[in-house]
Amino acid sequence: MSDTPAICNYEGSSYRTDFWEGRGRQYEDQVERVALRRLLPPTGKRLVEVGGGFGRLTDEFTGYQQVVIMDYSRSLLEEAQKRHGTDGRIIYVAANIYQSPLATGSYDAATMIRVIHHMRDVPAALGQVRAALAPGATFVLEFANKRNFKAMLRHLLRLQKWSPYSLEPVEFVELNFDFHPRYMAQSLQQVGFSTERRLAVSHFRLGILKRLVPMRLLVGLDSLLQPTGQFAAYAPSIFTQNIAQGDNPPAALDGPLFKCPQCASTQLDDQSDVVVCQGCGTHWDKRDGIYDFREPLSHS
Ligand SMILES: C[S@@+](CC[C@H](N)C(=O)[O-])C[C@H]1O[C@@H](n2cnc3c(N)ncnc32)[C@H](O)[C@@H]1O
């Protein structure tokens with residue numbers, strides 16, 4: 001496969017148990033769900049969760065006829081599969097968003113939550129999501145906000161070198177970026193999205209508050225404050241609702257799910273444990289019900 005920007009590789013990681021389960025982040029999980037419910041149409045045909053990981057949020061998408069969980073980490077997808085089962089409504093796909101296997105114009109919704117902060121090439125990643133969506137489709141994008149209260153205070157006290165007000169992304173740890181809301185709005189617009197709504201999320205992400213204040217109260221307060229993000233986005237996490245622009249006719253939403261990442265053909269012979277591209281002959285792995293479009297198995 002040709003070179004792509006560096007990937008933050010979660011293969012084999014214990015992200016679920018190191019970061020979420022038993023780690024005191026129910027508040028973050030709950031306020032993200034509130035934002036998601038506000039921005040995503042409750043029902044639809046095909047939704048793709050880009051960077052869906054172990055399927056933490058997949059139970060929010062029960063109103064969709066088909067849900068593709070796409071992630072670069074096969075091991076996290078195996079955890080997602082254990083969690084959400086194999087009834088065929090949820091489809092598990094190991095792939096790199098920079099070399100997307102999602103068929104053009106074939107999805108009517110997408111989410112990308114806690115993922116873009118690992119992207120060095122934001123326009124390339126967003127462009128791939130836009131290409132998969134039909135005109136009018138909804139894309140809920142979450143990003144980490146560099147212009148947040150804590151960063152502004154640290155900057156004021158000269159405890160931090162970078163400015164929260166400048167537009168360029170800041171890489172605070174390798175392959176972990178915070179973004180200015182205006183930079184993200186411009187990037188979304190450049191690839192053909194119009195941002196309709198913006199929510200400020202997770203205002204009270206502070207250990208001491210989470211210990212002292214009952215979680216339901218914190219979640220309720222955050223829910224009240226979320227709409228302020230439309231004009232004043234200073235929380236650490238920003239959720240945006242973006243509509244795919246364009247008047248090219250939408251692909252049939254019951255048409256192909258995938259295209260070959262090598263040649264873009266949608267003529268794929270989907271066998272029980274392998275997918276063979278009829279366009280270029282590339283074989284892709286499909287072990288234990290998980291499609292794997294990261295590296296080809298072979299060419300014919
Ligand atoms: C912080 S986790 C978030 C997982 C999930 N969205 C959640 O909120 O629980 C980031 C996820 O992005 C995935 N990821 C990172 N780079 C990717 C890429 N280039 N293509 C697809 N997935 C990627 C990782 O494998 C990981 O599962």
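1. The backbone oxygen of Y72 lies 3.0 Å from a polar atom of the R294 side chain, and the side chain of R294 also makes a polar contact (N or O atoms within 3.5 Å, one able to donate a hydrogen and the other to accept it; residues adjacent in sequence count only through side-chain atoms) with the side chain of D292, at 2.8 Å. R294 is found in the segment after β13 (290–292) and is buried, with a relative accessible area of 17%, where buried stands for under 20% and exposed for over 50% (1.4 Å probe, protein chains only).

2. This is a predicted model, in which local features need pLDDT of at least 70 and side-chain atom pairs count only at pLDDT 80 or more, while totals for chains, interfaces and linings use all residues. Residues are numbered from 1 along each chain, and side-chain values use heavy atoms, leaving out hydrogens and water.

3. In helix α8 (residues 215–225), the buried residues are L218, V219, D222 and S223. Seen down the axis of α8, they fall within an arc of 135° (taken from the directions from the axis to the C-beta atoms), so they line one face of the helix. R216 and L224 are exposed on the other side of α8.

4. Strand β5 (residues 133–144) has 10 of its 12 residues buried, so it is largely enclosed by the rest of the structure. β5 pairs with β4 (residues 107–112) in the parallel sense over 5 bridges, and the chain passes between these strands through helix α4 (residues 122–132) in a β-α-β crossover from β4 to β5 that is right-handed, that is, clockwise with the strands pointing away from the viewer.

Terms used: Helices (H or I, at least four residues) and strands (E, at least two) are DSSP runs, numbered from the N terminus. Two strands pair if DSSP finds at least two bridges between them.
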